[in-house]
Amino acid sequence: MLAFARPYAVLACLAGTAAVALGAAPARAEDKVTMLTSWYAQAEHGGFYQAVATGIYKKHGLDVTIRMGGPQVNGMQILGAGQTEFLMSYDFSVYKALEQGVPAVTVATSFQSDLQGLMTHPDVKSLADLKGKTIYVATAGRSNWWPWMKTKFGYTDDQTRTYTFNLQPFLADPNAAMQAYMSSEPFAAQQSGAKVNFFLFANDGYPPYGTTIVTLKKIADEKPDMVQRFVKASMEGWKSYLYGDPSPANALIKKDNPKMSDEQIAYAIGKLRESKVLVGGDAATQGIGIMTDARWKATYDFMVKEKLLKPEVDMKSAYTLNFVKDLKIMP
């Protein structure tokens with residue numbers, strides 16, 4: 001907290017006394033909320049960090065603390081226990097949470113598509129070329145994008161090997177492919193001197209959104225004004241981060257995650273801009289953060305068809321458009 005010189009303190013005191021005398025309403029206290037991310041701090045979380053670093057949240061009456069997730073952090077469990085107000089999540093996770101009795105609801109999305117895809121060697125020209133080739137898949141992927149890939153391209157389970165977040169098996173096998181985020185593994189591969197291709201699942205019709213904002217239904221119902229302010233501030237943060245000066249957020253990202261390099265951050269920002277995941281699709285005409293019934297239904301229908309979700313789960317409980325339909329934060 002800044003220490004003010006005595007004359008300014010006296011003036012502030014007099015001004016405060018005058019305000020009370022005139023019956024002016026006191027300033028509203030900031031709502032203290034926590035946002036739990038899905039992984040270690042990185043550029044893919046930059047909009048939230050930007051909203052903290054540049055005071056956007058404070059402008060909207062929010063005191064926001066960002067907590068990092070990680071491989072051993074069960075974000076949905078933490079949300080369900082009331083230990084965070086907001087969670088960075090994913091359409092599949094919210095549907096499964098509802099199935100398991102956690103009343104989670106998605107209130108906005110950062111990206112119009114998931115950032116997940118496959119990284120291949122340069123000779124592969126499309127995802128259809130991978131039939132019969134080795135594909136490295138992490139455990140979590142087997143219950144979301146892998147069933148979609150099997151249906152879409154005729155892949156089989158015997159093609160898969162377990163992805164352990166180590167690039168070396170892929171680099172050593174010219175006939176292998178591996179799951180990847182557009183802004184992560186391709187950078188690591190290039191740093192090792194390898195040439196690779198990357199195929200974003202969304203370009204072939206994979207329906208989920210990416211980096212969504214999830215809260216509990218109770219919070220959305222009882223504190224709609226706070227939720228609305230958080231959503232708006234977060235989307236303003238994303239616009240500022242990707243299309244303004246990202247350095248304030250980057251400093252916080254590196255503070256939380258000292259292993260994150262400037263080169264990795266710059267590469268990720270470049271890919272996020274290039275792919276237009278923030279401002280493309282429906283966001284181009286309806287504003288950043290927008291979601292639609294059609295997209296949520298596409299994910300629900302896929303999950304039910306592949307027996308990844310019980311059909312009695314109420315599709316409409318997984319999301320609400322109330323906080324984004326009139327937001328209109330245009331690219």
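**Figure 1. Helix α10 meets helix α12.** In this predicted model, helix α10 (residues 224–243) and α12 have axes that come within 10 Å and cross at roughly 110°. Angles from 65 to 115 degrees count as roughly perpendicular, so α10 is roughly perpendicular to α12. On the α10 side, look for Tyr-241, Leu-242 and Tyr-243; on the α12 side, the contact is made by Ile-265, Ile-269, Leu-272 and Arg-273. Sorted by character, the residues of this contact are six nonpolar, no polar and one charged.

**Figure 2. Helix α11 packs on helix α12.** Here we stay with α12 (residues 262–275), now with helix α11 (residues 247–256) as its partner. Their axes are 11 Å apart, and the packing angle is about 130°. That value makes α11 oblique to α12, and the crossing of the two helices is right-handed. Helix α11 brings Asn-250, Ile-253 and Lys-254 to the contact, while α12 brings Asp-262, Ile-265 and Ile-269. This set divides into three nonpolar, one polar and two charged residues. You may recognise Ile-265 and Ile-269, which also take part in the contact of α12 with α10.

**Figure 3. Gln-42 in its loop.** Is Gln-42 buried or exposed? The residue sits in the loop between β1 (31–36) and α2 (46–53). Buried means under 20% relative accessible area, so Gln-42, at 15% relative accessibility, counts as buried. Setting aside neighbours within four places in sequence, the contacts of Gln-42 are Ile-253 and Met-260. Ile-253 is also one of the α11 residues that make the contact with α12.

**Figure 4. Met-35 and its surroundings.** Met-35 belongs to strand β1. With 0% relative accessibility, this residue counts as buried. Which residues does Met-35 touch, not counting those up to four places away in sequence? The list is Phe-48, Thr-65, Ile-66, Arg-67, Thr-84, Phe-86, Leu-87, Met-88 and Phe-230. Another residue to find in this view is Val-214: it lies 179 residues from Met-35 in sequence, yet the C-alpha to C-alpha distance is 9.4 Å.

**Figure 5. A five-stranded open sheet.** Follow the strands across in the order β7-β6-β8-β5-β9, and you will see that the pairing is mixed. The edges are β7 (160–162) and β9 (197–200), each of which pairs on one side only. On average, and ignoring direction, neighbouring strands of this sheet are turned by 30° against each other. For a closer look at one pair, take β5 (residues 116–120) and β9: they run antiparallel and are joined by four bridges. Within this pair, Leu-118 has Phe-199 of β9 as its bridge partner.

**Figure 6. The buried residues of helix α5.** Which residues of helix α5 (residues 91–99) are buried? They are Asp-91, Phe-92, Val-94, Tyr-95, Ala-97 and Leu-98. An α-helix has 3.6 residues a turn, so residues three or four places apart point the same way. The elements that cover the buried residues of α5 include the helices α4 (75–80) and α14 (293–305). Strands are part of the cover too, among them β3 (86–89), β4 (104–111) and β10 (210–216). After α5 comes Gly-101, with a positive phi near 90°.

Conventions. Residues are numbered from 1 along each chain as its sequence is written. This is a predicted model: local features need pLDDT of at least 70, side-chain atom pairs count only at pLDDT 80 or more; totals for chains, interfaces and linings use all residues. Side-chain values use heavy atoms; hydrogens and water are left out. Axes are lines fitted to C-alpha atoms, for helices over the stretch in contact, and angles run from 0 to 180 degrees between N-to-C directions. Angles under 35 degrees count as roughly parallel, over 145 as roughly antiparallel, 65 to 115 as roughly perpendicular and the rest as oblique. A crossing is left-handed if the near helix is turned anticlockwise from the far one by less than a right angle, and right-handed if clockwise. Contact means heavy atoms within 4.5 Å. Ala, Val, Leu, Ile, Met, Phe, Trp, Tyr, Cys and Pro count as nonpolar, Asp, Glu, Lys and Arg as charged, and the others, Gly among them, as polar. Buried means under 20% relative accessible area, exposed over 50%, partly exposed in between (1.4 Å probe, protein chains only). Two strands pair if DSSP finds at least two bridges between them.
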